[in-house]
Amino acid sequence: AVVAAEMDEVRLRGLRSLANRLAEQGYLRPELSQEHAVDVLWALTSWNTFDQLYRGRRLDQPAAAERLVTMARLSLCRPESIQGVV
């Protein structure tokens with residue numbers, strides 16, 4: 001349990017850093033706060049979310065990862081910043 005909690009703390013720091021960079025570089029949707037973005041990223045990067053796609057939907061690892069990245073882009077990024085990217 002201690003190791004899992006430490007891993008979650010490291011993951012959370014990374015997600016906060018990512019949300020901060022998205023905001024600083026103008027990619028984050030204006031209606032989202034950085035903390036809201038962190039919450040979205042937290043859900044999308046959980047093992048359970050990946051496992052639902054991988055085992056539950058029987059997607060291979062690259063397909064599951066691609067779906068999660070697409071969900072993050074569409075949820076977090078300004079539409080004009082992702083034209084032709086998804």
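Guide: Two residues count as in contact when they have heavy atoms within 4.5 Å of each other. The model discussed here is predicted, and its helix packing can be read with that cut-off.

Visitor: Before the contacts, how many helices and strands does the secondary structure of the protein chain come to?

Guide: The protein chain has 4 helices and 0 strands. In sequence order its pattern reads α-α-α-α. The C-alpha trace spans about 35 × 30 × 15 Å along its principal axes.

Visitor: Which residues of α3 and α4 meet?

Guide: From α3, the residues T49, F50, L53 and Y54 take part; their partners in α4 are Q61, A64, A65, R67, L68 and M71. Sorted by class, this contact of α3 with α4 holds 7 nonpolar, 2 polar and 1 charged residues.

Visitor: At what angle do α3 and α4 pack?

Guide: Helix α3, residues 47-56, packs against α4 at about 130°, and the two axes are 9 Å apart. That angle makes the pair oblique, because it lies outside the ranges for roughly parallel (under 35 degrees), roughly perpendicular (65 to 115) and roughly antiparallel (over 145). The crossing of α3 with α4 is right-handed.

Visitor: Where do α1 and α2 stand on the same points: at what angle do they pack?

Guide: For α1 and α2 the angle is about 130° and the axes lie 9 Å apart. The pair α1 and α2 is therefore oblique. Their crossing is right-handed.

Visitor: Which residues in α1 meet which in α2?

Guide: On the α1 side they are D8, R11, L12, L15, R16, L18, A19, N20 and A23; on the α2 side, Q34, E35, A37, V38, L41 and W42. The class count for the contact of α1 with α2 is 9 nonpolar, 2 polar and 4 charged.

Visitor: At roughly what angle do the axes of α2 and α4 cross?

Guide: Helix α2 (residues 34-44) and helix α4 (residues 61-76) have axes that come within 10 Å and cross at roughly 165°. An angle over 145 degrees falls in the roughly antiparallel class, so α2 and α4 are roughly antiparallel. The crossing of α2 and α4 is right-handed.

Visitor: Which residues in α2 and α4 meet?

Guide: A37, V40, L41 and L44 come from α2, and L68, M71, A72, S75 and L76 come from α4. This contact of α2 with α4 has 8 nonpolar residues, 1 polar residue and no charged ones.

Visitor: Now the pockets. What volume does the largest pocket have?

Guide: The volume of the largest pocket is about 190 Å³. Its lining consists of L18, L22, L41, L44, T45, L68, V69, A72, R73, L76 and C77. The elements contributing two or more residues to that lining are α1 (2-24), α2 and α4.

Visitor: Which element gives the largest share of the lining?

Guide: Helix α4 does, with 5 residues. By class the lining of the largest pocket divides into 9 nonpolar, 1 polar and 1 charged.

Visitor: Where do the lining and the helix contacts overlap?

Guide: L41 is one example: L41 of α2 is in the contact with α1, in the contact with α4 and in the pocket lining. L68 of α4 is another, being in the contact with α2, in the contact with α3 and in the lining.

Notes. Residues numbered from 1 in each chain as written. Predicted model: local features only at pLDDT ≥ 70, side-chain atom pairs only at ≥ 80, totals over all residues. Heavy atoms only, no water. Axes fitted to C-alpha atoms, helices over the stretch in contact; angles between N-to-C directions. Left-handed = near helix turned anticlockwise from the far one by under 90°. Nonpolar A, V, L, I, M, F, W, Y, C, P; charged D, E, K, R; others polar. 1 Å grid on protein atoms, 1.4 Å probe; cavity = no way out; pocket = protein on both sides within 12 Å on 5 of 7 lines; lining within 4 Å. Points joined across faces, edges and corners; volume = space filled by probe spheres on them.
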